[in-house]
Amino acid sequence: MRNKNLQYVLGIESSCDETAAAILSVNKAGEVEELSNVISSQINIHKKYGGVVPEIAAREHVLNILPVINEALKKAKLAGPDLSALAVTTGPGLITSLICGVETAKALAYTWKKPLLAINHIEGHIYANFLTVNKKDVKFPAVILTVSGGHTTLLTMTKGGSISIVGETRDDAAGEAYDKGAKMLGLGYPGGPIISKLAKKYKESPNFSPNEEKIKLPRPMIDSPDLDFSFSGLKTALLYELKKDKNWENRKEEYSYYYQQAIIDVLIRKTIKATKKYKAQTVMLTGGVSANTQLRKEMGEEIEKNFSNKVSFFSPQLKHTTDNAAMIAMAAVFKLAKKKNWPIKNVSANSGAEL
Ligand code: KG4
Ligand code: ZN
């Protein structure tokens, strides 16, 4: 049932292998509540190929998108015409997957006579943090590390909401490194959660000794003067280590541990460097890899060690780390507020201006 005092934003996300829809409500004071967050994951379908197959992903989106949107509306106890605005991911991502979300959003916005906002997927990941933390409680400037299957990006954000990219991967993304490493180790897809589980098992086993580096892997670009990353060399180094080792199949936990540690060390070093350079008062993690418990733990400890309590550290709830549509709707809420288009009546219906 629609409440006249609330605005409702429907977010739609289909940039990779998750079909997602979510509805946020916003009250007059700008307080946001997540009414629904529906995700249909295609992981089980792509698993047997060891990664996302774009053509299959697009066809699955076509099948799932309307049921997912319907479920999001049902959970929020709303009907399409009750919405105040729609928001959809327009890139970056797999083009055939993106088209499915964009065309559906355009058709629905046209039918329901609602404004439609175009949202950048990385911007969505950034705002995933604000689904948990109130912007009023965040001190700026902030440094944000976006780590997912498609991106490894360091960004700064000012109080006014200006976002700048200050560092990026030059080749593979951190999540891609996890996925490709897992493939080499015969662990399946997606690699992040599996490698992280095996690494934890190794760390808790009697074979682990903190002072001994049993498998040496490089930390590419860790001391480079810029804030960029590179992970393809690490992947190649793992391949050569595995080729040398006849017993590697019995040491998968150990390899997972050292491989993960190499990724985490670089991510943390560069984030700390960016925090110092931009005198940031807050560090935020986001994206699929930010679900990683070890990364969260070590990042928190390093921030504490380097800045004591002068820098705050946030990471999103687990359900908001990997691709979801609540983050897309949240980015739209911020966008509307920034353009002073709040309440939404100031945006002309069907404007679709940014698409
Ligand atoms: O944000 P996301 O769902 O999609 C992209 O925008 O790319 O991120 C997916 C990536 C995959 O590479 C996956 O292996 C990684 O996030 N991932 C993790 C964990 N959970 C997912 N990486 C490390 N540790 C995890 N627990
Ligand atoms: Zn993503």
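**Exercise 1. Find the polar contacts of ligand 1, then describe its surroundings.**

Start with the oxygen side: an oxygen atom of ligand 1 sits 3.0 Å from a polar backbone atom of Gly150. Keep in mind as you work that this is a predicted model. Next, look at Gly192, where a polar backbone atom is 3.0 Å from an oxygen atom of ligand 1. Then turn to a nitrogen atom of ligand 1, which has a polar side-chain atom of Asn292 at 3.0 Å.

Now ask how much of the ligand is covered. On its own, ligand 1 has 560 Å² of accessible area, and the protein covers 89% of that. Helix 4 (121-128), helix 5 (174-184) and helix 6 (191-203) are the elements that give two or more residues to the shell.

Finally, take stock of the shell. It holds 20 residues, and the closest are Gly149, Asp179, Gly192, Asn292 and Asp323. By type, 5 are nonpolar, 13 polar and 2 charged.

**Exercise 2. Decide whether His125 is buried or exposed, and list its contacts.**

First, locate the residue: His125 belongs to helix 4. Second, check its accessibility. The relative accessible area of His125 is 0%, and buried means under 20%, so His125 is buried.

Third, see what surrounds the residue. Setting aside neighbours within four places in sequence, His125 is in contact with Thr146, Ser148, Thr286, Gly287, Gly288, Thr321, Thr322, Asp323 and Met327. Asp323 is a name you have met already, as one of the closest residues to ligand 1.

**Exercise 3. Work out which residues of helix 5 are buried and what covers them.**

Begin with the list: Ala174, Gly175, Ala177, Tyr178, Asp179, Gly181 and Ala182 are buried in helix 5. A general point helps you read these numbers. An α-helix has 3.6 residues a turn, so residues three or four places apart point the same way.

Next, look for the cover. The elements over these buried residues include strand 6 (142-147), strand 7 (152-157), helix 6, helix 7 (232-244) and helix 8 (252-277).

Then zoom in on one residue of helix 6, Gly191. Gly191 has a relative accessibility of 0% and counts as buried. Beyond its neighbours within four places in sequence, Gly191 is in contact with Tyr178, Asp179 and Ala182. Those three are among the buried residues of helix 5. For a sense of distance, Gly191 and Glu176 are 15 residues apart in sequence, while their C-alpha atoms are 8.3 Å apart.

To finish, step past the end of the helix: Gly186 follows helix 5 and has a positive phi, near 65°.

**Exercise 4. Find out how many disulfides the structure holds, and check Cys16 and Cys100.**

Recall what you are looking for: a disulfide is a covalent bond between the sulfur atoms of two cysteines. The structure holds 0 disulfides. For Cys16, the nearest cysteine sulfur is that of Cys100, 13 Å away. A disulfide needs the two sulfur atoms within 2.5 Å, so Cys16 is in no disulfide.

Compare their accessibility as a last step. Cys16 is partly exposed, with a relative accessible area of 24%, whereas Cys100 is buried at 10%.

**Exercise 5. Place Thr104 and name what it touches.**

Thr104 lies in helix 3 (residues 95-112). With a relative accessible area of 13%, Thr104 is buried. Not counting residues up to four places away in sequence, Thr104 touches Ile65, Leu66 and Ile69. Val88 is 16 residues from Thr104 in sequence, and their C-alpha atoms are 9.3 Å apart.

**Exercise 6. Locate the cis peptide bonds and positive phi values described here, and say which loops hold them.**

- Gly91 and Pro92 are joined by a cis peptide bond with omega about -10°. Pro92 is in the loop between strand 4 (85-91) and helix 3.
- Phe140 and Pro141 are joined by a cis peptide bond with omega about 0°. Pro141 is in the loop between helix 4 and strand 6.
- Lys113 is not a glycine, yet its phi is positive, about 55°. Lys113 is in the loop between helix 3 and strand 5 (116-120), and is exposed, with a relative accessible area of 56%.
- Met221, also a residue other than glycine, has a positive phi near 60°. Met221 is in the loop between helix 6 and helix 7.

Terms used
Residues are numbered from 1 along each chain as its sequence is written. Chains are lettered from A and ligands numbered from 1 in the order in which they are written. This is a predicted model: local features need pLDDT of at least 70, side-chain atom pairs count only at pLDDT 80 or more; totals for chains, interfaces and linings use all residues. Side-chain values use heavy atoms; hydrogens and water are left out. A residue is near a molecule or strand if one of its heavy atoms lies within 4 Å of it. A polar contact is a pair of N or O atoms within 3.5 Å; within protein, one must be able to donate a hydrogen and the other to accept it, and residues adjacent in sequence count only if both atoms are side-chain atoms. Accessible areas come from the Shrake-Rupley method with a 1.4 Å probe; for residues, only the protein chains shown count as cover. Helices (H or I, at least four residues) and strands (E, at least two) are DSSP runs, numbered from the N terminus. Ala, Val, Leu, Ile, Met, Phe, Trp, Tyr, Cys and Pro count as nonpolar, Asp, Glu, Lys and Arg as charged, and the others, Gly among them, as polar. Buried means under 20% relative accessible area, exposed over 50%, partly exposed in between (1.4 Å probe, protein chains only). Contact means heavy atoms within 4.5 Å.
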